[in-house]
Amino acid sequence: MAAKKKTTSIFFTDAHDPESYSLRNQFAENMEFRLAKDKTNYTLRDAYTALALSVRDRLMRNWLRTQHVYAEKDVKKVYYLSLEFLMGRLLSNTLINLKYEKEFAELAQEIGFTQEQLRDSEKDMGLGNGGLGRLAACFLDSMATLGLPAFGYGIRYEYGIFDQDIERGYQIEHPDNWLIYGCPWEIMRPDLTYRVKFGGTVMTDIDARGRLRFSWVDTDDVLAVAYDIPIPGYGNNVVNNLRLWQAKSTQDFNFEYFNKGDYAAAVADKTASETISKVLYPNDNIDPGKVLRLKQQYFFVSATLQDILRAYKAKHSTFKKFPDKVAIQLNDTHPSIAIPELMRILLDEEGLEWDAAWDITVKTFAYTNHTVMAEALEKWDVSLFESLLPRHLNIIYEINHRYLERARQFYSNPEDIKKIAGMSIIEEGEKKRVRMANLAIIGSHSVNGVAALHTHILKTDIFADFYRFEPEKFNNKTNGITQRRWLKEANPSLSELITKTIGDGWITDLYKLKGIEKFKADPDFHIQWQAVKRQCKQNLIQYIESRYPVRINPESMFDAQVKRIHEYKRQLLNALHVITLYNRIKDNPQADVVPRTVIFAGKAAPGYYFAKLVIKLINSIAEVVNSDPDVGDKLKVLFLKNYSVSLSEKIIPASDLSEQISTAGFEASGTGNMKFQLNGALTIGTMDGANVEIREEVGDENIFIFGLEADEVVDLKRNGYNPFEYYQSNQELKRVLDMIQYNFFNRSEPGIFKPIFDALVHHGDKYCLLADYASYVEAQERVAREFLNRTTWTEKSIINVARSGKFSSDRTIREYAEEIWHVKPIKVTD
C-alpha cells in the first residue's frame, strides 16, 4: 500500500483562489446554497444573513488554526465564566477586526442596500443586561486582540432580559426573542453535550483503602449542548471562542402519557428541563424564580467544568499541572458555585484527597467583585441548596469549617467572634443562607475590585476582615472598554478624524490618543471636531424624530444618562434638576438659557417597583415639558425605550454631557463614563467608581465634580441624616418636590408619585439625593456657562479623548494576564 502523502496543513481543502474566496463570491454561495434565494426574491434579512454567514466563513480557518495552536503548544488557557455577555451586534465589530470594511461597502452597494440597513437588520444578542455583561464582551475582544488563549463561557438564553416598551409612561416588558430568525454567527456542537445533575441524594461508602467516599445518586438530569461563537482579534489572525450552553431534556417525549392522551404531561419533563436556558434573569422575587436562577448558575458551571476537564485530560494524565494550564475567572458571584463543583469532581470522580483538591482549586480560581452594596451580595437559602445541590452543600460546610479554623487562629481574641461570623460562608439566622461572595473569596487565589475606590472600599469595609487575614489575595483591576467598538465602530467620523491626524496606532494602543492633545487649541482642528459632533447629533436626531413626536434643537446641549435604572444611579436626581430648569424657564420665559436636550434610557428590573416608578415620573415630566409653549426648544426631555448596545452606539457619540451621578461609594466602577469620555463628552459626576480615576487623568478643570464623597456619605448617615431639613431649607428643592407630591405631572393619576416624595423626604433618602441636590445644581450651572464658550468646550472635549488611554480594556486585560492569570500571548500565523 502506498504511504499517505505528508501534509503540514490541518485543513481538508487547499487555500482558496483569491477571487473565489472574495466576500462577494461567498455571499452569492450562501444566498443560493444555504438560503435557497436568488437575485429575484431575496430580502434585506436574507442579505444580512448571507453576509453574516460569509463573514463567519472567513473566520473559520483562523478559528480552527487558533485552537490548533493552543492545543499543539499546550498553553495555559483562561476560562472567563460570566452569566452575561452583552455582545450587541457582531457584524460591524467583526468586519472591523478583520479589516473588511471596504469590501463590505462595495458589496452593500452592489446588492442594493445601505451599510446601515444591513447592520440594523441584526438583532442585539440577548445574552446580557448591564455593565457586567458589556464588560465581559469588551474583555473577550481585548483577549483576542492581545492574542491570549482565552475562552468565554455562558448560557445561550433563548430570550434576553426583555424588550422594553413604554405605554402611558410606564415600562412594559415583552419577550426579547432575539433568536427568532436564528443566529448566523453560532455553530452548534452536539458532540459537546454534557449531563448536569440536580437534586438526588448523597451516599457514602468506604473504598478499598479505607477512605470515606461520596456519591451523588438518583438525580434529575439535564443535558447541556454547546454553541460556539467566534471572537476575532483585531488584525492578528487570532480567533477565540465564546461557548454558550443550551439546556436540553434527557427525554424529549413520554410515550406512555402521549398514548393516554395526556399531551401536556408527555412533554412536561422536556419543558421543565429546557426552561433553564429559556430566559436571562428570571424574577427572583418569587421562589420559583430563585430555584431557576440557582439552576442556571450551576447548569452552566457544571457543563463548563466538564468541558475544561475534557480538554485538560486530553493532554495530561494527572492533575499536578492543572493550575499551570487552567485559569478560571469568576465574573461576579454568579459562577462561584464552580468552586465546590471542582472540589466535587476532584474528590468524588477523580479520587483526590481533600488537601490536594483544595490546593488545585484555590490556585485555579480568581474572583472579580462588582458591587459595594452589601445587600447586593448574592445569598442562597441553605434549604434550596439542600434540595438542588446536596453534595455541594456538604462540600461548602467542609470548606467553611476548615477556613474558619484557620481564621480563628488569626482572630483569636474573644471580641473577634463577630469577625469570624461575618467571614463564615454560612449566614446564621432564622433562615440559614449561603454567602456566595464569601465562598468566592475563600476559594480563590485572587480577589479584585474594578476601580481604585471600589477596591479600597472592599479592603477597608465590605471585606475588611478577609483583607486583614489574607491581604495578598486582594488587588485592583480598573475596568476598561474596547476602543474597536466604542470609537472605531460607534463613531466612525471621529475615528477617521483621529486617524487622519495621528495615525491608526490608537486602535491597538489607546494611549496613543495622547497625540491629539497638541491640537487642542488648533482652530482648524476645532472646526473638524465640532463638525463630527454635529453630524453625530444629526444622526441621533434622525433616529429620535422618526420614532417620537418631538423636534430636537441640534444646537442644544445633549445631556445623557443612559444605564440600568436603579436608585443608587440616581436618575431621580437628574429628574429633579430637569424640573428645576423647567421652573426657571417658566419663571422667566425671556431669559437667555443654554438650550438642553436631556436624554434618559435604561431598563428597570421587572420586579423593581420603585425604579419603574422613576421611569414613569421621567416620562410624565417629559410630557409636560415638551408640550409647554413657554419652554419651546430651550428644554426637551426624552426617555428612549429599549436601551441596548446598538442604541448606546447612537446616543454616546452625539452626547455633550455624560451624567455619572451615583451616590459616592455605591458604583463599583462604571464603564459608561469611559465610553462617553472616549467620544468627547464631558463628565458631570460624583467621586464614585472610575470617575475618580477619570478626574485624575483629565484634571479638575476638564470634569464637573460635585457632591459628597464616599466617606462623607458614611459620616452623614452615621451622624443622623435628616433629609426633611434639606427639603425645608432649600426653597427651590422644596418647590420641585412639592410638584411631585401634589400631582403637577400626573393630574390624571393623582397620588402615584407620593412614594417617591415619601422615600426622599420621610423615609431617609437612602442615596442622599437631597444632600447632593444643591451641589449638583451648582455644577450644572458651571456646565451651562462652559458650554456657552464653544472654543473652551471643544478644547476640554479634545483633552478628554486624548487622556482616555488608561481606560482601554486592553490595558485591563493585560494586567489580569500578567498579575492574576500568568498567561502569555500566542502568535497565530497564516
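Which residue of β14 does I426 stand opposite? In this predicted model, the residue facing I426 is V434 in β14. The two belong to a pair of strands, β13 and β14 (residues 433–435), that run antiparallel and are held in register by 2 bridges. A third strand joins them to give an open sheet in the order β12-β14-β13, with antiparallel pairing. Since β12 (379–381) and β13 (426–427) each have a single partner strand, they stand at the edges, so one side of each has no neighbour in the sheet. As for what does the joining, strands of a sheet pair through backbone hydrogen bonds, either parallel or antiparallel.

Stepping back to the whole protein chain, the secondary structure adds up to 34 helices and 22 strands. The radius of gyration is 28 Å, close to the 28 Å that the globule rule gives for 830 residues, so the chain is as compact as a globular protein of that length. Along its principal axes, the C-alpha trace spans about 90 × 80 × 65 Å. Of the 830 residues, 60% count as buried. Contacts tend to reach far along the sequence, too: among those between residues at least 6 apart, 77% join residues at least 24 apart.

On the outside, the protein chain exposes about 34200 Å², and carbon and sulfur atoms supply 50% of that area. As for charge, there are 106 positive and 113 negative side chains, and the centres of the two sets lie 3 Å apart.

The parallel pairing turns up around strand β10 (residues 326–331), where 6 of 6 residues are buried. In a regular strand the side chains alternate between the two faces of the sheet. In β10, V326, I328 and L330 point one way while A327, Q329 and N331 point the other way, and all of them are buried. Strand β10 has parallel partners in β1 and β11. With β1 (residues 77–81), the pairing runs over 5 bridges, and L81 stands opposite L330 of β10. With β11 (residues 365–368), there are 4 bridges, and the bridge partner of Q329 in β11 is A366.

Two helical residues are worth a closer look. Q297 sits in helix α10 (residues 287–313). With a relative accessible area of 0%, Q297 falls under the 20% cut-off and so counts as buried. Neighbours within four places in sequence aside, Q297 is in contact with L83, H334, I337, E378 and W380. One of these, W380, falls within the residue range of the edge strand β12 (379–381).

R65, in turn, is found in helix α2 (residues 44–73). At 18% relative accessible area, R65 also comes in under 20%, and therefore counts as buried. The C-alpha atoms of R65 and D830 are separated by 8.4 Å, although their positions lie 765 residues apart along the chain as a sequence separation.

Finally, a couple of loop residues have backbone angles to check by eye. A36, in the loop between α1 (23–34) and α2, has a phi near 55°, a positive value in a residue other than glycine. A36 is exposed, because its relative accessible area of 61% is over 50%. K99 is another case, with phi near 60°, again positive in a residue other than glycine. K99 is found in the loop between α3 (91–98) and α4 (101–111).

Terms used. Residues are numbered from 1 along each chain as its sequence is written. This is a predicted model: local features need pLDDT of at least 70, side-chain atom pairs count only at pLDDT 80 or more; totals for chains, interfaces and linings use all residues. Side-chain values use heavy atoms; hydrogens and water are left out. Buried means under 20% relative accessible area, exposed over 50%, partly exposed in between (1.4 Å probe, protein chains only). Contact means heavy atoms within 4.5 Å. The radius of gyration is taken over C-alpha atoms; the globule rule is 2.2 Å times the number of residues to the power 0.38. Accessible areas come from the Shrake-Rupley method with a 1.4 Å probe; for residues, only the protein chains shown count as cover. Lys and Arg count as positive and Asp and Glu as negative; His and the chain ends are not counted. The place of a charge is taken as NZ of Lys, CZ of Arg, CG of Asp or CD of Glu. Two strands pair if DSSP finds at least two bridges between them.
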